[in-house]
Amino acid sequence: MPRSVMTLVGRKAELASLVGTLEHTTGGAPAVVVLDGDAGVGKTRLLSELVRKAHDRGVLTLIGHCVDLGDAPPPYLPFTEAFARLAAQDPSRSERLRTAFPAIARLLPRGTEPVAPGDRIDRGELFESVFGALALLAAEVPVALFVEDVHWADQATRDLLGFLFTRLRDEPIAIVASYRSDDLHRRHPLRPTLAQWSRLPIVDRVHLGPLPVADVRALVRAARGGAIRESEIRTIVSRADGNAFFAEELTAASDQYGDMGQLPWQLADVLLVRLDRLGQDAREVVRVAAVGGRRVGHDLLAKVIELTPTALEYALREAVDANILEPTPSGRGYTFRHALLAEAVYDDLLPGERVRIHAGYAAAFAAAPGRHTAELARHARASHDLLTAYRASVCAGEDAMSVAAPSEALQHLQTALELSAQLPEPPDDPAALLLALVDAGVAAGRGYRALRLARETLAGLPADAPDESRARVLYAVALAAAAGEVDMETFQGTAEALRLVPAEPPTPFRANLAAMHGRLAFLFGREVDAERWSREAVETARAAGVPGAAADAETTLALLARRADQPEEAAERLRAVADEAQRAGETAAELRSRYNLGSLYTEQGALAEAQEAYEHTARRASELGRPWAAFGLEARGMGGLIQYMRGDWDGALRTLDVGGQSPTPQAEALYASIELLVRVGRGEPDAMALAGELRPWWGRESRVALNATVAALESAAQRGDVDAALEAIGDAVELLSVLWQDPWFLARIRLSALGIAVFAAAVTAAPEAERAALVKRAQTLVEDGRTSAEKGVPSGRRLGIEAIAWQARLEAEWARLRWLAGVEPPEVDEHIALWQQAVEAFGYGDTVEQVRSRTRLAAVLRAAGRSTEAAEHASQARETARALGAGPLLAEIRRLGTTAARSAEHGTTGLTDREREVLALLVEGRTNRQIAQRLYISEKTVSVHVSNILAKLGVHSRNEAAAVARRDAALLG
């Protein structure tokens, strides 16, 4: 960490807090601090003091910096720096780490040998190795890891930090990460990561705000080191606005010029004025260093700048003496005292100067031993050496993929794709680069970005493009689309590609293409085509030696067995394919097979087995460095959804919590839509505010649309808002009919049932004259649900267990609505039987919908006078609802009034349970005939109950009784 030229001024409270973190660690416990503040506010100086105090306490310090290298820095740079420093300072200790955790060597500088194409390491292994190395060090001595400037961190580094934060348990390890808060624009990738980190219990946030005026004054006096006029102090304090670095720079400029009035207002101008005070060689050194970044090695600087070694040393001395550059702690390079200084110098360069200096860096990196592909790509592009930038970007993408950093690989490869179109002689075949880009995009969970680029490439292909090239681009489009929502155009594209590629001799590409076409045919219900092409893919893959294509096709064949009502065979085949794919290292095929095993169990209603399969898939995806790839992302979401269905709402929220991680926006949207179900189910008043934020994702992720619509219907039921329910259903049906290529998709049964439940909630509060109209409006939903049950299943197949349950619920809700409205109400036995069927149908494991059905069964039983049975069902429902924290459902259960405790509580009124039921219907304005229909009793019996109620309440009319009940809610329970 760069040493401060001055003693720390102020920051006593912040320093005490950080020192407390060190003491916590030296006491044997882990700690994490995320430190933020504006540029120049004093973070580095504060951390420098903390490092000194750590040394005084015998803490081993590891220090790494994130560096601004453009949009695609090399992954894990601060960890590379930290372990490299340790290797230089303590070779024996470093060697022990290498021996215990060989993967650590991948973070250390390598020789000139390039990474072999297949030489990749699982991100899970790399992350575990870094954690294990820190833990091994901490077993000997407390360890403090400092990572500066996390606002410049690549996603791989952010992921690794989040992983470490979540793994710390009882190791004496402190991690301190700092970032510039003023660099975090609204869409900065660190912003959501910080929100996730902040939810972790181990993470403490320390914010450095502006220095108080008294401290700035003390800082200015210390910086001057001599007499200074009060007017100058006031001016500097005013302009510095609590920023320590600004204060120092303004003070230094004042010292040089002696007249504060001549200082420019903008700090950048002040910095450049200081630069102008240097000699010509020193100015050139600073300018060249600024192009390299905030830090630059001495040897690299010497290769880029055209100065003799002696002249360079004199120039560097002048820049250091002027407090523009500082030697790095290693003594091997230099750093700007503040990043703003480097930025100001860089921005002041003329375009021609920038190109010349970037070209010098590009040449130096090209000639340097080892692989510096990311740095070479940046400098080559800035110097307009497009061919070198293109080649380096491709290599940088390969390097990033080799260390399980797909997001960084995608950025590099996207840059390469953009550059390829600018080359004087574009590559003859863009397919190879495009396929690598799509592979990285899918692995990173950025399938939509990859799909957009693939389609743009396809559109740009010339009419006379070679058949093989066009086929590969079509395959790339399909590969990207398969990670999200596929359409018929994609299926037609793979069919065209198969016509363009000869079947003989067998080739790996033909095997992959046939497997993809069979997979898409399965998705579109073309089972004959799916089987034909999947079998060809298996044969071709075996002949060409492509285990991944064979595994993918075998998965499709197993899914076909599932559709043929052979679930046991399908499950056995999926497990075998997944295990074989794992042994062969075929990540994508393994995850698809494991995910579909969970899907098979879900369809069978074996929710415990499904949850286990989904959790295994998500765990494997994380271990393989692909947590946000399609099947890893979906598996985690489905695992959380099944926890929701089984009644483990807190567990679902834990599963879907991405704190300390770096999820893609798609993952966040999907998980938030499932969390929305929990929040609405618990009656959180602001829950539906999240639904609006999810709406842009409806067209990209159909499950987001479905989950959000289900939540919207539950919320509408709580409010009795019929119009909102119909609008939500209409929007969902319009969108999902297109995405799923079927206007009568089976989920419409559920949407119809939930929609009718909203009508049932509204009808009791509606005036009597409007109730028949509400029933008539709801009849459309009934017909839609019944049609979906009839047409939503291909010929020869049967409804699945979930669809059967929702079909039963649909009919029960329809009967309930007519019963509540008093419009053609069902007979009592029929009504009870319908709700009993719904309760039994959801008994396969959907605890949430079963308890909702049980609650409504209890209401019908109570109305029918079967109080004992009603109380039993209500008691079971109440116990589950309390465990869920489902406030709205508990309120519905309380309105049943079936417990003995309730009778005792309100016994002083003299009203029986049945009389309270009658009174509640009087409040709704029901006639004796309507009350009789609701309670399944005779009108004569209702008349007797009404007379008893009037007598016990001491009133003379039904209206007076209703008014008394409205004033005293206890009368109604």
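Among contacts in the protein chain between residues at least 6 apart in sequence, what percentage join residues at least 24 apart? In this predicted model, the share is 69%. The chain holds 47 helices and 8 strands, and its C-alpha trace spans about 115 × 80 × 50 Å along the principal axes. Of its 973 residues, 57% are buried. The exposed surface comes to about 40,000 Å², with carbon and sulfur atoms supplying 50% of that area.

A good place to begin a tour is the sheet. Five strands, in the order S2-S3-S4-S1-S5, make up an open sheet with parallel pairing. Its edges are strand S2 (60-65) and strand S5 (203-208), each of which pairs on one side only. From one strand to the next, the twist averages 15°. Between S2 and strand S3 (residues 143-148), which run parallel, there are 6 bridges; one residue pair to look for here is His65 with its bridge partner in S3, Glu148.

Helices pack on this sheet as well. Helix H3 (residues 77-89) lies across S2 and S3, and its direction makes an angle of about 140° with S2. Helix H6 (residues 155-167) lies across strand S1 (31-37), S3, strand S4 (173-180) and S5, running at about 145° to S4. H6 also meets helix H7 (residues 190-198): their axes come within 11 Å and cross at roughly 0°. With that crossing angle, H6 and H7 are therefore roughly parallel to each other. On the H6 side the contact is made by Arg158, Leu161, Gly162 and Phe165, while H7 contributes Leu190, Thr193 and Trp197. Sorted by character, the residues of this contact are 4 nonpolar, 2 polar and 1 charged.

Further along the chain, two helical residues invite a closer look. Val345 belongs to helix H15 (residues 339-348) and counts as buried because its relative accessibility is 2%, where the cut-off is under 20%. Beyond its neighbours within four places in sequence, Val345 is in contact with Leu272, Leu275, Val286, Arg287 and Ala290. By C-alpha atoms, Val345 and Arg719 are separated by 61 Å, with their positions 374 residues apart along the chain. His358 sits in helix H16 (residues 351-367) and, at 1% relative accessibility, is likewise counted as buried. With neighbours within four places in sequence set aside, the contacts of His358 are Val291, Tyr346, Arg378, His379, Ala382 and Ser383.

Finally, a few backbone details deserve a mention. Most residues other than glycine have a negative phi, and most peptide bonds are trans. Against that background, the peptide bond from Glu504 to Pro505 is cis, with omega near -5°. Pro505 is found in the loop between helix H23 (488-500) and helix H24 (508-523). Two non-glycine residues have positive phi values: Arg11, at about 60°, and Glu824, near 50°. How do their surroundings compare? Arg11 is in the segment before helix H1 (12-26) and counts as buried, with 6% relative accessibility. Glu824 is placed in the loop between helix H38 (801-821) and helix H39 (828-841), and its relative accessible area of 63% makes it exposed.

Note on methods:
Residues are numbered from 1 along each chain as its sequence is written. This is a predicted model: local features need pLDDT of at least 70, side-chain atom pairs count only at pLDDT 80 or more; totals for chains, interfaces and linings use all residues. Side-chain values use heavy atoms; hydrogens and water are left out. Two strands pair if DSSP finds at least two bridges between them. Helices (H or I, at least four residues) and strands (E, at least two) are DSSP runs, numbered from the N terminus. Axes are lines fitted to C-alpha atoms, for helices over the stretch in contact, and angles run from 0 to 180 degrees between N-to-C directions. Contact means heavy atoms within 4.5 Å. Angles under 35 degrees count as roughly parallel, over 145 as roughly antiparallel, 65 to 115 as roughly perpendicular and the rest as oblique. Ala, Val, Leu, Ile, Met, Phe, Trp, Tyr, Cys and Pro count as nonpolar, Asp, Glu, Lys and Arg as charged, and the others, Gly among them, as polar. Buried means under 20% relative accessible area, exposed over 50%, partly exposed in between (1.4 Å probe, protein chains only). Accessible areas come from the Shrake-Rupley method with a 1.4 Å probe; for residues, only the protein chains shown count as cover.
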